[in-house]
Amino acid sequence: MNNVLSLTQLKQALKLMIIEECDKDVEIDDILDDEILFDGALELDSLDALQICMAVKSNYGVRIEGGPDARKALQSITTLAQTIIEHRV
Amino acid sequence: MTTYIVAVGSYYEPVGDELPPLKKLVQETVGSNIRRVGRFIQLALIGGGRASSQLSNEAAVYLTSGSGDVEATVGVLNTIYRQAEPPRPLSFINTVSNAACFYIAQSLQLNGASSFVSSRYFTVETSLRVALLALEQGQQKAALVGAVDSVVLPIEEHRQRLRINAQTDVAEGSHWFQLVADASDRTVLATLDAVQHFTDREALSAWLAELPVEADDCLALGQSIESDEADHWLVETGLPPFNFREAPAYFKSLAGLVFCEFVRRGAGRLIYLNRDPVGRYMAVVISC
């Protein structure tokens with residue numbers, strides 16, 4: 001099912017995933033596509049990053065490695081979606 | 001040296017097939033939304049927060065539980081064995097017994113030591129004893145001592161885990177005591193006079209025989225004492241039972257509820273006895 005998601009649908013699904021996995025009291029529409037996920041208004045931290053990476057692996061089969069790759073992938077919803085699309089088999 | 005109880009905080013709720021939501025209650029109690037926590041930590045925050053009036057930020061935290069954070073543990077085990085996946089980091093972290101202490105310390109801005117006190121049969125009694133010793137020896141000036149037990153649905157599985165029959169009502173409980181060594185600027189609710197351990201029944205009888213009995217003393221007996229033995233202690237001490245409510249629903253740290261209710265009643269002296277299956281005893285004495 002994930003293979004047929006459009007980019008817009010994928011971004012919406014990622015926002016919902018972050019809200020659920022990180023237990024954030026925000027709505028999907030409160031998270032902008034290009035909003036900075038860490039050190040921004042969402043106030044996510046390193047534990048959230050680990051949680052998101054595990055959820056991405058579980059839901060989309062994409063492993064986000066630590067270090068520079070993770071920092072790049074987790075910049076925003078847009079970069080996270082692009083990472084998933086690029087690495088999904 | 002006297003140890004004073006200057007605040008108590010409690011949450012007690014019998015549970016059926018649904019669990020009441022706690023998130024809003026946590027927010028109301030500690031003043032902020034605490035995310036990434038399950039019911040066990042939420043219950044700890046509610047009870048601890050309710051006992052935190054004028055709490056010193058140097059206070060130590062002593063938390064105990066009859067069953068621990070079963071929700072977190074069951075969740076992680078299900079993920080590993082049923083879903084064959086590694087557990088989520090946030091779930092795994094909360095299986096650490098002291099995780100609830102971390103959230104309490106963070107929410108109440110406490111800088112003191114925090115400990116999870118584990119004792120299979122004397123949960124509340126042992127945590128009070130550890131705190132009492134720390135206060136008496138001057139290691140701590142104030143302590144927040146609590147006992148938390150949550151329910152994990154389905155209720156039938158929860159009863160199986162507790163090894164109780166299908167007719168027994170169950171509850172969630174979080175009961176906390178703020179203890180201080182110096183109460184000169186505080187309103188004292190009660191004093192924690194003794195938390196004693198006894199190797200056998202004879203040792204407890206000898207100790208009770210030496211205890212001066214007062215007119216307003218009453219006796220409470222722990223969950224592990226069967227009715228036959230309860231009758232024995234009522235006769236031996238000659239004390240009236242402390243009847244605080246009609247048959248409270250079951251949870252392992254019920255002693256916390258008993259102590260909180262007694263302190264809230266605010267009169268007399270409570271002598272509480274409990275035993276383990278080996279035949280060792282503990283006694284707790286609280287005066288109002």
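# Two chains, with a nine-strand sheet in chain B

Chain A has a mean pLDDT of 89, and 94% of its residues reach 70 or more. This is a predicted model. Within chain A, helix α1 (residues 7-21) has the highest confidence, at 95. Helix α3 (residues 68-73) of chain A has the lowest, at a mean of 88.

## Contact between the chains

Chain B and chain A touch each other. Each side of the contact is made of eight residues. On the chain B side, four residues are charged, three are nonpolar and one is polar.

## Two domains in chain B

The domain assignment splits chain B into domain 1 (4-180) and domain 2 (190-287). Taken over C-alpha atoms, the domain centres lie 23 Å apart. The contact draws 32 residues from domain 1 of chain B and 22 residues from domain 2 of chain B.

Which elements of domain 1 of chain B supply at least two residues each to the side that touches domain 2 of chain B? They are β1 (4-15), α6 (123-136), β4 (142-149) and β5 (170-180) of chain B. The largest share, seven residues, comes from β5(B). By class, this side of domain 1 of chain B has 18 nonpolar residues, nine polar and five charged.

## The sheet

Chain B holds an open sheet of nine strands with mixed pairing. The strand order is β3-β2-β4-β5-β1-β6-β9-β8-β7 (chain B). Two strands sit at the edges: β3 (114-117) and β7 (217-221) of chain B, each pairing on one side only. On average, neighbouring strands are turned by 20 degrees against each other, direction ignored.

Strands of a sheet pair through backbone hydrogen bonds, either parallel or antiparallel. Four pairings are set out below, each with its bridge count.

| Strand pair | Sense | Bridges |
|---|---|---|
| β4(B) and β5(B) | antiparallel | eight bridges |
| β1(B) and β5(B) | antiparallel | eleven bridges |
| β1(B) and β6(B) | antiparallel | two bridges |
| β6(B) and β9(B) | antiparallel | seven bridges |

Individual residues trace these pairings. Start at β4(B) and β5(B). Leu144(B) stands opposite Gln178(B) in β5(B). Next comes β1(B) against β5(B). Tyr12(B) has Gly173(B) of β5(B) as its bridge partner. Val15(B) is bridged to Val170(B), also in β5(B).

β1(B) also pairs with strand β6 (residues 190-198) of chain B. There, the bridge partner of Tyr4(B) is Thr191(B) in β6(B). From β6(B) the sheet continues to strand β9 (residues 281-287) of chain B. Val195(B) bridges to Val284(B) in β9(B).

β5(B) thus appears in several of these settings. Is β5(B) mostly covered or mostly open? β5(B) is mostly covered, with nine of its eleven residues buried. β5(B) pairs with β4(B) over eight bridges and with β1(B) over eleven. β5(B) also gives seven residues to the side of domain 1 of chain B that touches domain 2 of chain B.

One helix lies across part of this sheet. Helix α5 (residues 99-107) of chain B lies across β2 (60-64), β3 and β4 of chain B. Helix α5 of chain B runs at about 145 degrees to β2(B).

## Two residues up close

Asn94(B) lies in the loop between α4 (89-93) and α5 of chain B. Why does Asn94(B) count as buried? Asn94(B) is buried because 24 other C-beta atoms lie within 10 Å, and the cut-off for buried is 20 or more. Leaving aside neighbours within four places in sequence, Asn94(B) is in contact with Val37(B), Gly38(B), Ile41(B), Asp69(B), Ala72(B) and Ala99(B). Asn274(B) is 180 residues from Asn94(B) in sequence, and the two lie 30 Å apart in space, C-alpha to C-alpha.

Thr73(B) is found in helix α3 (residues 70-82) of chain B. Thr73(B) has 17 C-beta neighbours inside 10 Å, so Thr73(B) counts as partly exposed. Not counting residues up to four places away in sequence, Thr73(B) touches Gly68(B) and Thr95(B). Thr73(B) and Arg36(B) are 37 residues apart in sequence. In space, Thr73(B) and Arg36(B) are 15 Å apart, C-alpha to C-alpha.

Terms used:
Residues numbered from 1 in each chain as written. Chains lettered and ligands numbered in written order. Predicted model: local features only at pLDDT ≥ 70, side-chain atom pairs only at ≥ 80, totals over all residues. Domains from an automatic or database assignment. Contact = placed C-beta atoms within 7 Å. Helix = DSSP H or I, 4+ residues; strand = E, 2+ residues; numbered from the N terminus. Nonpolar A, V, L, I, M, F, W, Y, C, P; charged D, E, K, R; others polar. pLDDT = per-residue confidence, 0-100. Pairing = 2+ DSSP bridges. Axes fitted to C-alpha atoms, helices over the stretch in contact; angles between N-to-C directions. Buried ≥ 20, exposed ≤ 12 C-beta atoms within 10 Å, placed from the backbone.
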